[in-house]
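These exercises go through one structure, each with a worked solution. Look at the sequence and the model before you begin.

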Amino acid sequence: MRNVWVVATNTFREAVRDRVLYNLVFFALLMMGAAILVGQISIGIEQSVIVSLGLSAISVIGIFIAVFIGVGLVSKEMDKRTLYALLAKPIERWQFLTGKFAGLAMTLTVNTAAMTAGLYLALWSVKHTLTSSDRYLIVAVYLILLKLVLIVALAMLFSCFTSPFLAILFTLGIYVAGLFAGELRRVQAVNLTPAAMSMFRAMSYVLPNFENFNVMATVAHGRAVPGSLVGQGTLYAILYGAIVLLGASLIFSRRNLK
Amino acid sequence: MSTPAIEIEGLSKEYPYGFLSLKKKTSLENLTMQVENGEIFGFLGPNGAGKSTTIKLLMRLIFPTSGTARILGKSIDDISMHQNIGYLPEQPYFYDYLTATELLDYFARFHNLTAADRRERVQRLLKKVGLDTAKKIQLRKYSKGMLQRVGLAQAILHEPEVVVLDEPMSGLDPLGRREVRDIILELKKQGRTVLFSTHILSDAEMLCDRVGVIVGGKLRGVGTPGELVGIQSQGMEIAFELADPAKRVPLLEKATKTGEAYRVQLPEADVYAALDELKAAGARIISVVQIKASLEDFFMNLVDADRAQANAVEVSGK
């Protein structure tokens, strides 16, 4: 575990020094602008507008970081050959991979936490108060973070066996498909053969179901998120993420470096 | 008899290429050799000969198509073996957002060293490789030679028993090369084993107890530099001056002129006849020396033979 921690902390340091957290400035500007605008045009729906906008921004910025930096975690090290000296140290390849994953997960956690604080600030500036229902925001942000971590795992998996460009395409493709995993399971069409129906159902189970992590509408209207949903989402992210990382480790452990 | 530091048995590496990866290019073919404990072993070969492939296989950066290798008696698949080896990659590149101190500390953390021990070693090594004054500068601002020095420092920071250096002199100025040579010799004095690849033959001749020459993915010879060049036929070189340059001396047809002096290379058996001829012509003999074949000659002969063979295969293929 020590090796994983050493790689993770260095990955976090890399993200900080490569100015990944500068996106927070963009988020802050967006929230300030939204707060001013909403204060002028919305009557009674400030809460839901600010929360929806804030959570969407947290999600989109996070996805951007998870995909682009997630793909680069391994591929950049291979391209620049920084990996050569490292893998000659007493470190297993799976430890390196897990460390990189944990490092970006740490970065995303800090980034998301800072954006959440910004969102609360924007809410407070619009409403001049915070209510007890605003605490549900934390739950929504937590589920977004689980989604982002899962995307990082997928990005790393693809980057282990294909080019960075294709890995980005595959990750984004799986993400979009995963948004409709639930729909795929429920698909009912008269002109579909039983075989096609079975295939869709099987795909819906294989694809990551990102619907599990979307409680934005519930929270925007100040409603509580059921604990069972949070537990289910957590378990799902852990299991799915572990399987994806295991696959990535198996591929990477036999990969010839250039 | 002690276990060799590095044992390589039948190591081969093929790379698939072409449509559906059906064709295969052989980078290394059935390499078998040993590097003994405490020796400096030079791995020589032209670019693309298979030197770096061998080293990468030993460092498990790539995986062999067949064959095995052991370092300090342990399989190269055994991760614990890496506690005791140091490796400098060819044209090293490191995390450019780190300073040299941070990079060395990062690598040292994989070797179970305490924080105080890491600090002491990092400072000592930076001084040794001449980067003491640049230790707080991010590596993105380092020159190629400075990166090479950092690379050398990280390879020996944990005091490994076996040090593998891939082209350690590459990118260094004469002073840097001298420093690296001194470090390699110091490692030998400390009883460590050094395997380094190079195509700078003078470095190999100067440093190595033994060398292995690899050309076209095949090992062509292993031995001390003296043993290897001993295989070559030797001759003699006579340097002389003529009192009367207009005088016709048949030997002049084979001679080259530098300044006022002529030099001619002959088989040893022809030396006395040549000296008689020069005496008769009234020449002044400056020197008669044995031509000692250099490692470079041996090396060049192998490379030429390999190219000739490759051309022959290509022609017969057509």
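**Exercise 1.** Is B:R118 buried or exposed?

*Solution.* The model is a predicted one, in which local features need pLDDT of at least 70, side-chain atom pairs count only at pLDDT 80 or more, and totals for chains, interfaces and linings use all residues. Residues are numbered from 1 along each chain as its sequence is written, chains are lettered from A and ligands numbered from 1 in the order in which they are written, and side-chain values use heavy atoms, with hydrogens and water left out.

Step 1. Take the cut-offs: buried means under 20% relative accessible area, exposed over 50%, and partly exposed in between (1.4 Å probe, protein chains only).

Step 2. B:R118 has a relative accessible area of 14%, so it is buried.

**Exercise 2.** Find the salt-bridge partner of B:R118 and say where the two residues lie.

*Solution.* Step 1. A salt bridge is a side-chain nitrogen of Lys or Arg within 4 Å of a carboxyl oxygen of Asp or Glu. The side chain of B:R118 meets that of B:D105, at 2.8 Å from N to O.

Step 2. Helices (H or I, at least four residues) and strands (E, at least two) are DSSP runs, numbered from the N terminus. B:R118 belongs to helix α3 of chain B and B:D105 to helix α2 of chain B, so the salt bridge ties together parts that are 13 residues apart in sequence.

Step 3. B:D105 is partly exposed, at 23% relative accessible area.

**Exercise 3.** Which residues of α2(B) are buried, and what do they pack against?

*Solution.* Step 1. The buried residues are B:A100, B:L103, B:L104, B:Y106, B:F107 and B:A108.

Step 2. Contact means heavy atoms within 4.5 Å. The buried residues of α2(B) pack against α1 (2-17) and α4 of chain A, and also against α3 and α4 (144-156) of chain B.

Step 3. A salt bridge also involves this helix: the side chains of A:R17 and B:E102 meet at 2.7 Å, N to O. That pair crosses between chains, from helix α1 of chain A to helix α2 of chain B. A:R17 is partly exposed, with 27% relative accessible area.

**Exercise 4.** How many salt bridges does a search of the whole structure find over all chains? Trace one that ties together parts 171 residues apart in sequence.

*Solution.* Step 1. The search finds 25 salt bridges.

Step 2. In one of them, the side chains of B:E39 and B:R210 meet at 2.8 Å, N to O. B:E39 is in the loop between β2 and β3 (40-44) of chain B, while B:R210 is in strand β9 (residues 210-215) of chain B, so parts 171 residues apart are tied together.

Step 3. B:E39 is buried, with a relative accessible area of 7%.

**Exercise 5.** Give the strand order of the open sheet in chain B and name its edge strands.

*Solution.* Step 1. Two strands pair if DSSP finds at least two bridges between them. The 4 strands run in the order β2-β1-β4-β5, with antiparallel pairing.

Step 2. β2 (23-35) and β5 (74-75) of chain B are at the edges with a single partner strand each, so one side of each has no neighbour in the sheet.

Step 3. Strand β1 (residues 6-17) of chain B is joined to β2(B) by 9 bridges. In one pairing, B:K13 has B:L28 in β2(B) as its bridge partner.

**Exercise 6.** Where do the residues of strand β7 of chain B stand, buried or exposed, and which strands pair with β7(B)?

*Solution.* Step 1. In β7 (residues 162-166), 5 of its 5 residues are buried. B:V162, B:V164 and B:D166 are on one side, and B:V163 and B:L165 are on the other.

Step 2. Strand β6 (residues 85-88) of chain B pairs with β7(B) in the parallel sense over 4 bridges, with B:G86 opposite B:V163.

Step 3. Strand β8 (residues 193-198) of chain B also pairs with β7(B) in the parallel sense, over 5 bridges. There, B:V162 has B:T193 as its bridge partner.

**Exercise 7.** What is the phi of B:N112, and where is this residue found?

*Solution.* Step 1. Most residues other than glycine have a negative phi.

Step 2. B:N112 has a positive phi of about 55° although it is not a glycine. The residue is in the loop between α2 (100-108) and α3 (115-128) of chain B, and it is exposed at 55% relative accessibility.
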